[in-house]
Amino acid sequence: MDKFPLLWKERPAGELTTEREALYTWFTARCRLPGEGLWCAWAVGDRGELRLGVLEPEGDRAVIRRRFSDRMTAPLGKLLRGEMRPVGERAERARWEAAPEPDRLFREPWLRQRLRGAQGALTRTEGGCRLIALPYDKGKCFPVTTLFCFARVQNINGAAYAVYAFDAQESPVFR
């Protein structure tokens with residue numbers, strides 16, 4: 001059994017434990033809730049995050065115990081900590097960073113050329129991939145048109161973005 005801190009706003013609020021069982025890992029989070037409402041527990045690793053689920057009241061504390069396969073936990077990388085977040089708060093909100101010159105994040109000339117001059121770009125790494133989010137407007141040309149089939153349109157902080165993923169060799173990958 002391994003133990004990790006369960007944080008709320010970067011402060012210890014409880015404990016996250018993990019136990020290996022064949023091809024699965026059990027996650028158990030226990031804490032005191034910081035306030036009213038529904039709260040989720042998250043496992044945070046050096047390469048990604050995994051939503052464990054909604055914490056359930058148990059006396060004066062809250063708990064969740066869930067089992068995930070190796071396939072689900074592998075993208076986490078090395079587990080660092082647990083976190084509590086309000087149910088409505090998405091992981092993306094805290095993890096995206098502005099990329100004023102997204103072309104400089106890559107070495108490949110063909111990719112640099114397509115990203116040169118992109119405005120409002122965001123970036124992050126997840127599961128060994130570099131993600132680039134470019135503002136998306138249905139009334140304008142699709143960002144990085146040559147790679148449109150690799151894009152996933154999603155809402156980030158209330159705005160639409162075309163999100164692309166690139167592996168370590170800077171090749172586009174489907175997500």
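Let me start with two charged residues: glutamate 83 and arginine 85 are both buried. Their side chains meet in a salt bridge, at 2.7 Å from N to O. Keep in mind that this is a predicted model.

Stay with glutamate 83. Its relative accessible area is 16%. The cut-off for buried is under 20%, so at 16% glutamate 83 counts as buried. Glutamate 83 also forms a salt bridge with arginine 81, and there the closest N and O atoms are 2.8 Å apart. How exposed is arginine 81? Arginine 81 has 25% relative accessibility, so it counts as partly exposed. Side chains of opposite charge can pair when their charged atoms come close.

How many salt bridges does a search of the whole structure find? It finds nine. Here is another of them. Glutamate 170 and arginine 107 meet through their side chains, at 3.4 Å from N to O. This pair links distant parts of the chain, 63 residues apart. Glutamate 170 sits in the loop between strand 13 and strand 14. Arginine 107 sits in the loop between strand 9, residues 97-98, and helix 3, residues 109-115. Are the two partners buried or exposed? Glutamate 170 is at 5% relative accessibility, so it counts as buried. Arginine 107 is at 61%, so it counts as exposed. Back to the earlier group for a moment: salt bridges that share partners join Glu49, Arg81, Glu83 and Arg85 into one network.

Next, backbone angles. Most residues other than glycine have a negative phi, and most peptide bonds are trans. Glutamate 170 is not a glycine, yet its phi is positive, at about 65 degrees. Lysine 9 also has a positive phi, near 50 degrees. Where is lysine 9? It lies in the loop between strand 1 and strand 2, the latter spanning residues 11-21. Lysine 9 has a relative accessible area of 62%, so it is exposed.

Now strand 13, residues 159-166. Six of its eight residues are buried, so the strand is largely enclosed by the rest of the structure. Which strands pair with it? Take strand 11 to begin with, residues 129-135. It runs antiparallel to strand 13, and six bridges join them. Leucine 134 stands opposite alanine 162 in strand 13.

Then strand 12, residues 152-156. Strand 12 and strand 13 pair in the antiparallel sense, over five bridges. Isoleucine 156 stands opposite alanine 159 in this pairing with strand 13. The two strands form a hairpin with two residues between them. Asparagine 157, in that turn, has a positive phi of about 50 degrees.

Strand 14, residues 172-173, is antiparallel to strand 13 too, with two bridges. Alanine 165 has valine 173 of strand 14 as its bridge partner. Strand 13 and strand 14 form a hairpin with five residues between them, and glutamate 170 is in the turn. That is the glutamate 170 from the salt bridge with arginine 107.

On to the nonpolar cores. In soluble globular proteins, nonpolar side chains tend to be buried together. The largest core here has 18 residues. Which members touch the most other members? They are Leu16, Phe27, Ala43, Leu52 and Leu55. The elements giving two or more residues to this core are strand 1 (2-8), strand 3 (24-31), strand 4 (39-45), strand 5 (49-54), strand 7 and strand 8 (79-86).

Look at leucine 52. Leaving aside residues up to four places away in sequence, it touches Leu16, Phe27, Ala41, Trp42, Ala43, Ile64, Arg66 and Phe68. Apart from the largest core lies another, of 13 residues. Among them are Phe106, Val144, Ala162 and Tyr164.

One loop residue to add. Aspartate 60 lies between strand 6 (56-58) and strand 7 (61-69). Its relative accessible area is 54%, so it is exposed. The C-alpha atoms of aspartate 60 and cysteine 31 are separated by 9.1 Å, and the two residues are 29 apart along the chain.

Last, confidence. The chain averages a pLDDT of 88, and 95% of the residues score at least 70. Where is confidence lowest, and where is it highest? It is lowest in helix 2, residues 91-95, at a mean of 53. It is highest in strand 3, at 96. Where pLDDT is low, the predicted coordinates should not be read in detail.

Methods. Residues numbered from 1 in each chain as written. Predicted model: local features only at pLDDT ≥ 70, side-chain atom pairs only at ≥ 80, totals over all residues. Heavy atoms only, no water. Helix = DSSP H or I, 4+ residues; strand = E, 2+ residues; numbered from the N terminus. Buried < 20%, exposed > 50% of the residue type's maximum accessible area, 1.4 Å probe, protein only. Core = buried A, V, L, I, M, F, W, Y, C linked by side-chain atoms within 4.5 Å. Contact = heavy atoms within 4.5 Å. Pairing = 2+ DSSP bridges. pLDDT = per-residue confidence, 0-100. Salt bridge = Lys/Arg side-chain N within 4 Å of Asp/Glu carboxyl O.
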